[in-house]
Amino acid sequence: MVVTAFGQGPNTQSTSNVIAGNRFHHIEGLSIDLNARRDRAVQDFQRGDGVNPQRNSRNRRQDTGNGAVNAPEFVSAEFFVIDGQAIVRGVSDPLNQIELYRSVGQSAGQSGGRISGYGPLSEPLETVTADASGNFEFVLDEVVGGEVLSAIATDATYGTSEPAKNTAIRALDGSSAGQFSAPVMMPQCTTPVPPAPPVPPELPEIPPVIELEAPHNIHFALDKDFVSLESAAVLDRIAAVLNDYPSIVVDLHGHTDSRASVSYNQDLARRRAENARRYLLSKGIGSERMTIRSFGETELLVAETNRENFARNRRVEFVFQDVRGVEIMFVNQEEDLQIE
């Protein structure tokens with residue numbers, strides 16, 4: 001089930017949506033998508049237009065549904081159960097009401113013991129109010145290792161946000177967090193040899209920076225949206241990286257050069273991103289790991305002073321993120337540059 005809202009602008013009269021306390025027994029869960037004003041095609045309301053960035057100016061209040069209220073952000077991609085409790089912390093807009101949800105089902109994005117993406121809102125757990133600085137905290141007594149959580153924020157004026165990126169609950173020893181044994185009583189010594197001290201639990205290892213020599217863009221011919229053979233070879237390298245690192249998620253940003261009308265370029269850029277995504281789907285990359293956005297001609301890469309620069313602007317860019325918060329190094333490429 002998807003709930004979508006449209007931005008409040010001079011030609012729209014939509015008001016805020018408030019979403020709270022939803023339980024889903026016969027479907028996987030709830031998805032919330034706040035559409036931007038530029039994304040008004042039928043598919044944007046059927047499938048959504050992807051995850052919106054954090055609000056960075058007051059102007060965006062008019063651009064995105066529910067006044068661009070920020071989604072909450074967990075401070076970590078995983079939290080650990082210690083002494084039977086898990087403390088889940090995050091940040092949001094100040095004084096927002098934060099509702100924590102359990103995320104259950106395939107869309108929760110569990111892969112290889114890790115989480116990826118934005119899972120469904122399946123079962124509400126607790127509600128708190130963020131403080132004046134936007135900080136919030138949940139103290140959970142009834143969670144176990146391996147559970148996936150998400151959250152939404154509700155602003156009293158603007159309504160409910162999109163969901164937070166998932167976080168996971170982990171047990172320090174890798175076992176189910178709900179299983180705790182009784183304290184061990186020390187036996188009376190029967191030999192002069194004292195018992196060996198207990199081995200302290202291993203702390204989770206901080207993953208190193210992932211440095212990958214992989215492309216993060218492909219190019220297109222003038223007024224074309226199909227993937228060329230040269231670009232397909234580049235996409236094969238991207239698919240190999242995504243298959244090797246299942247914790248990586250990616251946004252596909254479609255772009256055009258400045259020729260043609262704004263509305264035409266917006267549609268052309270979207271078709272380019274959709275075709276690149278369709279190719280990666282054919283290579284086994286899960287749909288939940290990819291979102292698309294269309295920028296049309298609004299974010300030119302270079303000034304269009306020659307045919308080469310026009311070709312550089314006709315592109316799809318791949319914005320990679322690792323859900324564990326690990327930095328990823330990717331490189332530009334021009335092997336498939338298509339000059340008219």
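This section describes a four-stranded sheet, the two helices packed on it, the nonpolar cores and one exposed loop residue in a predicted model.

The sheet is open, and its four strands are arranged in the order β13-β16-β14-β15 with mixed pairing. The strands β13 (217-219) and β15 form the edges, each pairing on one side only. From one strand to the next, the twist averages 20°. Strands β14 and β15 run parallel and are joined by six bridges. His253 has Arg293 of β15 as its bridge partner.

Two helices pack on this sheet. Helix α2 touches β13, β14 and β16, and its direction makes about 165° with that of β13. Helix α3 is in contact with β13, β14, β15 and β16, and its direction makes about 155° with that of β15.

The length of each helix was compared with the span expected at 1.5 Å a residue. For α2, 16 residues should span 22 Å, and the end C-alpha atoms lie 23 Å apart, which agrees. For α3, the 21 residues should span 30 Å, in agreement with the 31 Å between the end C-alpha atoms. Gly284, which follows α3, has a positive phi, near 90°.

Burial was examined along both helices. In α2 the buried residues are Ser231, Ala232, Val234, Leu235, Ile238, Ala239, Val241 and Leu242. Those buried in α3 include the nonpolar residues Leu268, Ala269, Ala273, Ala276 and Leu280, as well as Asn265, Gln266, Arg270, Arg272 and Glu274.

In soluble globular proteins, nonpolar side chains tend to be buried together. The largest nonpolar core of the model comprises 24 residues, and Ile218, Ile238, Leu242, Leu252, Leu280, Phe318 and Phe320 have the most contacts inside it. At least two residues of this core come from each of β12 (210-215), α2 (229-244), β14 (248-255), α3 (262-282), β15 (290-296), β16 (315-322) and β17 (328-331). The greatest contribution is that of α2, with six residues. Beyond its neighbours up to four places away in sequence, Ile218 touches Ser231, Val234, Leu235, Ala276, Arg314, Arg315, Val316, Phe318, Gln333 and Asp336. Another core, of 18 residues, lies apart from the largest one and has Val81, Val128, Phe136 and Phe138 among its members.

Val18 is located in the loop between β1 (2-5) and β2 (31-34). This residue counts as exposed because its relative accessibility is 59%, over the 50% cut-off. When neighbours within four places in sequence are left aside, Val18 is in contact with Thr154, Gly159 and Thr160. Val18 and Thr157 are separated by 139 residues in sequence, yet their C-alpha atoms are 9.8 Å apart.

Definitions and conventions
Residues are numbered from 1 along each chain as its sequence is written. This is a predicted model: local features need pLDDT of at least 70, side-chain atom pairs count only at pLDDT 80 or more; totals for chains, interfaces and linings use all residues. Side-chain values use heavy atoms; hydrogens and water are left out. Buried means under 20% relative accessible area, exposed over 50%, partly exposed in between (1.4 Å probe, protein chains only). Contact means heavy atoms within 4.5 Å. A nonpolar core is a set of buried Ala, Val, Leu, Ile, Met, Phe, Trp, Tyr and Cys residues joined through side-chain atoms within 4.5 Å. The expected span of a helix is 1.5 Å times one less than its number of residues. Two strands pair if DSSP finds at least two bridges between them. Axes are lines fitted to C-alpha atoms, for helices over the stretch in contact, and angles run from 0 to 180 degrees between N-to-C directions.
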